[in-house]
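Let's take a walk through this structure together, starting from the whole chain and ending at single side chains. Keep the viewer open as you read.

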Amino acid sequence: MIEGVLVLEVMSDTPAQRAGVRAGDIIVKIDGDAVDSPETLVKSLRGHEGKVTVQVLRKGLTKSIEAELDGDSSEGEARVQVAPRIRVHRGNPEPGQGGR
């Protein structure tokens, strides 16, 4: 099972948009640190300046994206609208998780 944060919207002219983060992406890691809630996303970005690696799950595939943070991002502003939390099951579902 993979936990992450579902991107609902990417604001224009932001580091996320310039890096190629898209609505529908699931952010799972920032610089190797797991992201499992909007709060951990903000904490992962806070204090970072320059380039960060954002690992996303897009259409079932894991993709690494390099993002260049500006001064606003380093203060924890994600500049994306996200859902509270998402869990993704890959491969065979666990018992009770559905899938036929």
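The accessible surface of the chain comes to about 6,100 Å², and carbon and sulfur atoms hold 46% of that area. Please bear in mind that this is a predicted model. Of the 100 residues in the chain, 35% are buried.

If you colour by secondary structure, you will find two helices and seven strands. Read from the N terminus, their order is β-α-β-β-α-β-β-β-β. How much of the contact map lies far from the diagonal? Among contacts with a separation of 6 or more, 60% join residues 24 or more positions apart. One pair you can check by hand is T14 and E68, which are 54 residues apart along the chain while their C-alpha atoms are separated by 9.6 Å. T14 sits in the loop between β1 and α1. T14 counts as buried because its relative accessibility of 2% is under the 20% cut-off.

Next, have a look at the inside. The largest nonpolar core is made up of 16 residues, and V21, I27, I30, V35, L41, V52 and V54 are those with the most contacts inside it. Two or more residues of this core come from each of β1 (2-10), β2 (26-30), α2 (38-45), β4 and β5 (61-69).

Strand β4, spanning residues 50-58, is a good one to follow through its pairings. With β2, strand β4 pairs in the antiparallel sense over four bridges, and here Q55 of β4 stands opposite K29. With β5, strand β4 pairs over nine bridges, again in the antiparallel sense. V54, already met among the core residues with the most contacts, has I65 in β5 as its bridge partner. In a regular strand, side chains alternate between the two faces of the sheet. The strands β4 and β5 form a hairpin with two residues between them, and K59 in the turn has a positive phi of about 55°.

Now for the charged side chains. In general, side chains of opposite charge can pair when their charged atoms come close. How many salt bridges does a search of the whole structure find? The search gives two. One of them joins R18 to D13, with the closest N and O atoms 2.9 Å apart, and both of these residues are exposed. The other is formed by R58 and D25, where the closest N and O atoms are 2.7 Å apart. R58 lies in strand β4 and D25 in the loop between α1 (15-19) and β2, so this pair ties together parts that are 33 residues apart in sequence.

Are R58 and D25 buried or exposed? Both are buried. For R58 the reasoning is simple: its relative accessible area is 13%, so R58 falls under the 20% limit. The side chains of R58 and D25 also count as making a polar contact, at 2.7 Å. Leaving out residues up to four places away in sequence, R58 touches G20, V21, R22, D25, K63 and I65. Two names in that list should be familiar by now: V21 is one of the core residues with the most contacts, and I65 is the bridge partner of V54. If you centre your viewer on R58, you can see its place in strand β4 together with its salt bridge to D25.

Notes. Residues are numbered from 1 along each chain as its sequence is written. This is a predicted model: local features need pLDDT of at least 70, side-chain atom pairs count only at pLDDT 80 or more; totals for chains, interfaces and linings use all residues. Side-chain values use heavy atoms; hydrogens and water are left out. Buried means under 20% relative accessible area, exposed over 50%, partly exposed in between (1.4 Å probe, protein chains only). A polar contact is a pair of N or O atoms within 3.5 Å; within protein, one must be able to donate a hydrogen and the other to accept it, and residues adjacent in sequence count only if both atoms are side-chain atoms. Contact means heavy atoms within 4.5 Å. A nonpolar core is a set of buried Ala, Val, Leu, Ile, Met, Phe, Trp, Tyr and Cys residues joined through side-chain atoms within 4.5 Å. Two strands pair if DSSP finds at least two bridges between them. A salt bridge is a side-chain nitrogen of Lys or Arg within 4 Å of a carboxyl oxygen of Asp or Glu. Accessible areas come from the Shrake-Rupley method with a 1.4 Å probe; for residues, only the protein chains shown count as cover.
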